[in-house]
Amino acid sequence: MESLSVDEINLILDTADKMKEISQRPIKKVPALRGKTVVLFFYEPSTRTRTSFDIAAKRLSADSLSISASSSSMVKGETLIDTARTIEAMNPDVIVIRHGSAGAPHMLAKIMKPSIINAGDGMHAHPTQCLLDLMTVRENRGKISGLRIAVIGDISHSRVARSNSIGFTKMGAHVVLAGPRTMIPKGIESLGVSVSYNVEEAIRDADVIMMLRIQKERQQDFLFPSEREYSAVYGLTTAKLKKAKENVLIMHPGPINRGVEIAYDVADGPYSIILDQVTNGVAVRMALLYLVTGGARNADSD
Amino acid sequence: MLILIKGGRVIDPGNLDGIMDILIADGKIVEIKKHGSAEGEYPEAKIIDASDKIVTPGLIDMHVHLREPGHEYKETIESGSLAAAFGGFTAICCMPNTDPVNDCRQVTEYILQQAEAADTVRVYPVAAISKGLKGGRLCEYAELKKAGAIAVSDDGKPVNNSRLMRRALEYSKGFDLPVISHCEDLDLAAGGAMNEGVVATQLGLAGIPNASESIMVLRDIALCELTGVPVHIAHVSTKESVRAIKDAKTRGIPVTAETAPHYFTLTDESVKNYNTNAKMYPPLRSGSDREAVCQGLSDGTIDVIATDHAPHSFIEKQVEFDRAANGIIGLETSVSLSLKLVQDGVISMTVLVEKMSTHPARILGLKNGLHIGRPADITIIDPERSYRVAADNFRSLSRNTPFDGWDMKGKAVLTMVEGKIVYQEGYQIE
């Protein structure tokens, strides 16, 4: 998200708004990308993002195919660059990559001809998630500028938090990150956000509350003692919600740990727009595929 | 054979500083005279004109990885020796983390045999502190010393067990083997790919905090104080380590320390764009750490400049950043980067010679200096020579340097080991 200008972000969101209509038609397909090949190169397990890209490509009539880490030559010891060059030799137009290492899409964008779309790299960035979140907030509030966005959870390990910090700040919102100190990385304020170690304080007057998934294995990193204590102190409950603005929007990039970072009733409650996020994910990815194959620009690394 | 090095500024800290001529016969220094006084006396001598150049005792890089035995595709003792000669070094110490590890007489002897065959610079093997670098039990220091080891270190890994480190200090003293310590708290550094800080946060890379180094520096200082045996701290990169060492020295604790050119030249900003040639352990730190390292060089806290020359092939470096191997090569850029400290007024030329020759020799217990009767190990530096670094022309087998394409001022132009020219700029050495 660092390299995109406000105008470019608006262009993507406006295009996505138009794309959304296609998904509501009885025949959900347009010929815009006919004859284009989109490779979904997923080195990390992902259902939601991969399916979303796949549907997006198919609704634009592109030929899409998935390669996952377990089916690729990576398991046979091939390097990422060699695997990518092999795919490149088959002349795809777009490569969508999800990788566990920060900077992997960046490395490929430097050496490859096809457009590269980053579908999430390590703890670094998840730009399409940020764009779909921007779209969803804009759709529900009519604007982004001036809103207060609270992002709560394991900020350190979250590419969603990083991309959203940059994206929402760039679009004029005020982002507050919150969580236990163990989950707030050094110098995150450099992204233009503020930090709170208190959830109540972070959600006070928030227009949007975005909860992040807590990974159980982080207990081994000593980031938190138990899910029980995490949910009591940092989880989003109806009681805590009372501190927020009326009509606050509740978001979550998924997958949700019900009862850990978000209570059952909150996830399904009237303020939740979690499923809108998923719907808009397809539209945003259609917009991106359309724009990059139109030669608009290379949505490379961030 | 007679060689006359004529008209250079001879700097041998504490011994000589002036425009002098040095006469070498059969590999030994036989005369050092004020320039001009020997004019015409030795018509048969080969003349090396050193006017406007600096003539110093041979430079020593006490921290080098030569990769042989085991990883000869990265570097061999021969290629590493050549790289050293081209970089102006007459002697290098090679670290024991080879495959097999240099933890026994046979490996030490093998290294020395290969070095003799390479016949380029002096190679001093550093043997392991613990068997297999595993931190389980001590190596046989008496036998290693006898085989030719010059020091011991588990470099690449810390000695985690404080009791073993204590015993290593005590036991090694009996054989005059200095102990070189790689300081790293593995638990604190675990999973980290670069310096912890703003850049790591923005790049989404796991960070390695400064404290993971300084905690172990402080422990080793405590053990040094406990045992009274000197300890040498390798590759100092943080302000906290510099402060700890400075404080220890003030209290008279016999600790010494080295840093590498990349720590006084670069910061973690170099990692941006996921440049794997800016990845090493310890990682490039923040600007304030870099300044503290420069200050430590300037005030004498840091005794030595050593490169931590760590060759890796493209296979280890052209990969995802967090999967890339740690380390960069340094032999062929060290003198130029260190000369930049002189140009920037951080240290004087004399201090540079101390940190690259006098001090490493003292710590390692080597005879050093330009004295009559001593072997002629000499480096000639042209401080004005401008050039652009071209990694493709390196003598090292590896290319993993962040300094490729840098414009430099000043370099070594001649390296002589025991009267034999092993490198002379512009000449092919047969």
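Okay, one definition to get us going: when two helix axes cross, angles under 35 degrees count as roughly parallel, over 145 as roughly antiparallel, 65 to 115 as roughly perpendicular, and the rest as oblique. Keep that in your heads for a minute. Also, what we're looking at is a predicted model.

So, take helix α5 of chain A, residues 127–141, and α6(A). Their axes come within 8 Å and cross at roughly 50°. By our definition, α5(A) and α6(A) are therefore oblique to each other, and their crossing is right-handed. Who's touching whom? On the α5(A) side you've got Pro127(A), Gln129(A), Cys130(A), Asp133(A) and Leu134(A), and they meet Val160(A), Ser163(A), Asn164(A), Gly167(A) and Phe168(A) in α6(A). Sorted by class, that contact has five nonpolar residues, four polar and one charged.

Next up, the sheet. In chain A, five strands make an open sheet, in the order β7-β6-β5-β8-β9, with parallel pairing. The edges are β7 (194–196) and β9 (249–251) of chain A; each has a single partner strand, so one side of each has no neighbour in the sheet. From one strand to the next, the twist averages 20°. Let's zoom in on one pair: β5 (148–152) and β8 (208–211) of chain A run parallel and are joined by four bridges. Look for Ala150(A) there, which stands opposite Ile209(A) in β8(A).

Last bit: the two chains together. Here 20 residues of chain A contact 16 residues of chain B. On the chain A side, α3 (80–88), α4 (104–111) and α6 (159–170) each give two or more residues, and α4(A) gives the most, with three. That side divides into nine nonpolar, eight polar and three charged residues.

Conventions: Residues are numbered from 1 along each chain as its sequence is written. Chains are lettered from A and ligands numbered from 1 in the order in which they are written. This is a predicted model: local features need pLDDT of at least 70, side-chain atom pairs count only at pLDDT 80 or more; totals for chains, interfaces and linings use all residues. Two residues are in contact if their C-beta atoms, placed from the backbone, lie within 7 Å. Ala, Val, Leu, Ile, Met, Phe, Trp, Tyr, Cys and Pro count as nonpolar, Asp, Glu, Lys and Arg as charged, and the others, Gly among them, as polar. Two strands pair if DSSP finds at least two bridges between them. Axes are lines fitted to C-alpha atoms, for helices over the stretch in contact, and angles run from 0 to 180 degrees between N-to-C directions. A crossing is left-handed if the near helix is turned anticlockwise from the far one by less than a right angle, and right-handed if clockwise.
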